[in-house]
Amino acid sequence: MRKTRPLPGSLIQRYHGWKATTFAENAAWYRRLGTEGQRPRVMVISCCDSRVHVTSIFGAEQGEFFIHRNIANLVPPYEPDGLRHGTSAAIEYAVTSLKVAQIIILGHSQCGGVQGCEAMCSGHAPELEDPASFVGRWMDLLRPGWEEVRGIADERERLEALEKRAVLTSIDNLMTFPFVSAAVDRGDLALHGLWNDIVEGTLEYYDAATDRFISI
């Protein structure tokens, strides 16, 4: 017997509120989404962090963005090894089937995954070094980035730099996917690296010409 339980009453109440208002007021749009399928032009790869509200940041409607979330908004390198790769599968589907025109990597301040990487790489989180740690092995993707910023003395500045390295690591790894690099070279796909300060509500983009993040 599967050990599931009914939804809490608070969530059920929220659902009924949404159905009676937002859904009812936009029924024709939802019907169109359901019958005609999705046609997003943008894929967003963001962190699982509950404070990162992708659609609110860009004022997007349902059906506009194809969103994939994982710990620390990381993209692994292209590894066609026959194993299970959730993030890689989402990228493949977005580029080859949905043919999105933009991929945004959205990093953010106070990222718990990045903080875990910092603690692990500096020897303060031995539990993440355990081969059985899913979080630790995922954050191994960012170890090279940590080596680049470990010399920054101020902790907050170091963590922010590592958060931005996570964005750039993902951008670099995206280009190892043949179907991504081919689409970029054809001009059919553009990659964007963004970093959001949750406290200030600011958004920065990576400018390749100057190799730095610039406030929007």
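Trainee: Which charged end sits over the ring of Trp195?

Mentor: In this predicted model, that is Lys164, whose charged end lies 4.6 Å from the centre of the Trp195 ring.

Trainee: Now to rings with rings. What describes a pair of aromatic rings?

Mentor: Two values do the job: the distance of the centres and the angle of the planes.

Trainee: And how many aromatic pairs are there here?

Mentor: The count comes to nine. Take Tyr15 and Trp18: their ring centres are 6.2 Å apart and the planes stand at 35°, so this pair is tilted. A stacked pair would need planes under 30 degrees apart, and an edge-to-face pair over 60.

Trainee: Where do Tyr15 and Trp18 lie?

Mentor: Both belong to helix H1, which covers residues 9-25. They are three residues apart, about one turn of the helix.

Trainee: Are those two buried or exposed?

Mentor: Something in between! Tyr15 has 40% relative accessibility, so it counts as partly exposed. Trp18, at 33%, is partly exposed as well.

Trainee: May I try another pair? What is the angle between the planes of Tyr206 and Phe213?

Mentor: Please do. The planes of Tyr206 and Phe213 are 55° apart, with 5.5 Å from centre to centre, and the pair is tilted. Tyr206 is partly exposed, its relative accessible area being 24%. Phe213 is buried because its relative accessible area is 13%, and buried means under 20%.

Trainee: Which residues do ring pairs link into a cluster?

Mentor: Back to our starting pair: Tyr15 and Trp18 are joined with Phe23 and Tyr30 in a cluster linked by ring pairs.

Definitions and conventions: Residues numbered from 1 in each chain as written. Predicted model: local features only at pLDDT ≥ 70, side-chain atom pairs only at ≥ 80, totals over all residues. Heavy atoms only, no water. Phe/Tyr/Trp six-rings, centres within 6.5 Å; stacked < 30°, edge-to-face > 60°. Helix = DSSP H or I, 4+ residues; strand = E, 2+ residues; numbered from the N terminus. Buried < 20%, exposed > 50% of the residue type's maximum accessible area, 1.4 Å probe, protein only. Lys NZ or Arg CZ within 6 Å of the ring centre and 35° of its normal.
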